[in-house]
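Me: Could you take a close look at one part of this model for me? I would like to hear about the salt bridges and the residues that form them.

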Amino acid sequence: MTGTPTPPGADAAGEAADALTRGVHALVRLGVRRPRSVLAAWLLLTLGCALAVTLVFTRSEGPVFGTEVERRDGSGSVRADALLRTHLPPPSVPETPNEVLVLHAPALTVDDPAYAVAADAIAQELLALGPDVVAGGRSFFLDRDPALVSADRRTTVVALWVVDPPRHAERLRDAVRGAVRQAAPDGAVGASLVGPASVGLAYRELADRDLQAELRVGLPAAIVVLLLVFGSVVAAALPLLVAAVAVATALALAVALAQFTPVYFLVANMVLMMGLAVGIDYALFILVRYREERRAGAGIAEAAERSGIGAGHAVAFSGATVVVALAGLLLVPTNVFRGLAIGAIAAVLVAVLASLSLMPALLRLLGDRVDALRLPLPRALAGGAGGLGRGGLAGRVARAAVRRPWLALAASVAALALLAAPALQLRIGFAGIETLPPALETRQAYDRLQASFRIGLVADTVVVVDARGGADEAGIDAALQRLRTSLADDPGFLAEQARVQRSADGAVRALRVPMPGEAEGDAVLQAVARLRTTLVPQAFDGVAAQVHVGGASARYLDFFELTRRAAPGVVAIVLGLGFVLLAWAFRSIVVPLKAAALNLLSVGAAYGAIVLVFQHGVGARWLGLQPVPIVEAWIPLFLFTVLYGLSMDYHVFLLSRVRERFDATGDNTGAVVDAVGSTAGVITGAALIMVAVFAGFAAGELVMFQQIGFGLAVAVALDATLVRLVLVPASMTVLGARNWYAPRWLARPPRPRR
């Protein structure tokens, strides 16, 4: 008799899933049988990674991680940048000013001698850095150019020619601060820098401060939850150890990667967030299972092995789902997605490996001392159940959902859909200088620059003409002149300051045009879009030359387009690979389909909440968040992959228990209610820890961190409550035994170990 044919690729997927199962068993047994060796190996690895990271950060002359968004997608800005690097490389000394020193005196004007004395002292301090740092500058006090003074004559700017600005940005900033303290200790004259390098430095320093906020807010909250869950200091410390291992090792891998390719500066924050969240959660699942095994009468070694293998399967498949989801981002050719994905994947992989080997080793060594240093907590809180168990809130909610499954299903889906509705108004962009904290020096300098001057030193665009195909030079010159004439009539450009560069062989020409405003601003982005779609095609109509528009704003526009093009493919890969992995884990095709649908609902709700709070400002001030008109361009796609993987934590852990009960009793409804009640304490504790970690992320000052931390916290909270307590029981009741339907090729038992 012939069975159902196995679909192409199913054997490979099955082999991978079976290999994952064998790997779980091997790691757990290694930790149980050689606990001291495993513990020593992990501690040495962690200390070595921490030392390596410290050495790199302390000895690096420039920033380890960059703020530049780099792509390799063949877009117009990428081609323009490539032509400029090859034919018009920037000189060692910049041809135009690239940083602006903004001086402001609340009670003085530039005509007061005290103002001139302070300005001269600051200028001398900058020039003292040497020509290899500051190659020159233009100042009102030297040039008497009225364009360098505001209308009220209280603000003036100094245009600076800085050599290698990213490398010297911190030295410049420190020199200005020191000079101001010396020249105007009474605060009569203030000075601060603004420009691409200064803004990049501000972002990196804010990211560092946000790291501290994460540790200051998220970590203590996670510790409190762990203490409530376990009621023991020693037990609470074990998941924190696993998280520390994950963070240190993954950060070392990110630093190593940065030595060979540009890595986006947010990677350190992402490693900390993911390492803490999944490291604590995975170890928590295994530790809770160990306690259950000990209460059931298993010996220490046996309990450590059973808990590692039992909960370890859920940890391994959950971690594999997160990795598979994040791996989809590696297909997007930009350092933003690839760097963040690699950092997060490294944190998840190390957390899984440490949970499956280090945790069993620690449990084997500690035995019942894992409950040492118990806290005098009320009985209702000890153990983390908090009234949420079989007979508590979770059990009651699950039983209500099971009794009226269609009503529960309709109401919960409607609630999530209603919350997701604002996502239809999602606007993506890049958080510019205007989203920086108003008290920041760089932000204040930018505000004064934009309010009083029209000098275009923050944003510019470049039109690159490739005439290597033999285009007529006279025709190109005429086209460039027509373009300059058109730009003069467009308020989005400072055409009077435009200049043309020509390569030595005459094959490439570049028209650089300053623009008033910041590169990320709507006005500048719209102006560059007009340049591409209207002004350049009109000016070069009939000219046989390739024309590309580059510059920071053009790169942002191309990034938006790259994200839009990549999103369908990434989503398809994540859903497809996630389906295969979960189908093989649960021997069912219904479970992964339903899990994907529920995850999409919670992801949509997270998007809607982000739009509602940030774009529309609903409750933003009350939550301590900053309303902005856009959502950071990389966040929606990154958030989808992270949420799809993380939300599987609770699905895998819960459904593993449901499957165990169903296989033992054959009662689908009873298995659902019992599994929801029995896992309530640990899942609630795990969710609270993740929410605490993500809330710490949202407590930072950078809007992008606020958005992703808030979105993740909302999605995890919804997954652990509405989805777990209502949607999962109701949907499983409606489907009944069909939950576990699988074709014959999938339903067969796992292959025996060879």
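**Salt bridges up close**

Reply: Happy to! Bear in mind that this is a predicted model. The structure holds 21 salt bridges, and a few of them are worth a walk-through. Side chains of opposite charge can pair when their charged atoms come close.

Let us start in helix α14, residues 441–452, where aspartate 447 and arginine 443 sit four residues apart, about one turn of the helix. Their side chains meet in a salt bridge, at 3.1 Å from N to O. Arginine 443 has a relative accessible area of 13%, so it counts as buried. Aspartate 447 is partly exposed, because its relative accessible area is 32%.

Glu170, Arg173, Asp174 and Glu205 are joined into one network by salt bridges that share partners. One of the pairs to look at there is aspartate 174 with arginine 173, whose side chains meet at 2.9 Å, N to O. Arginine 173 is buried, with a relative accessible area of 13%, whereas aspartate 174 is partly exposed at 37%.

Now turn to helix α9, which covers residues 267–295: arginine 289 and glutamate 293 both lie in it, four residues apart, about one turn of the helix. The salt bridge between their side chains spans 3.6 Å, N to O. Arginine 289 is buried, with a relative accessible area of 13%. Glutamate 293 has 12% relative accessibility, so it counts as buried.

Notes
Residues numbered from 1 in each chain as written. Predicted model: local features only at pLDDT ≥ 70, side-chain atom pairs only at ≥ 80, totals over all residues. Heavy atoms only, no water. Salt bridge = Lys/Arg side-chain N within 4 Å of Asp/Glu carboxyl O. Buried < 20%, exposed > 50% of the residue type's maximum accessible area, 1.4 Å probe, protein only. Helix = DSSP H or I, 4+ residues; strand = E, 2+ residues; numbered from the N terminus.
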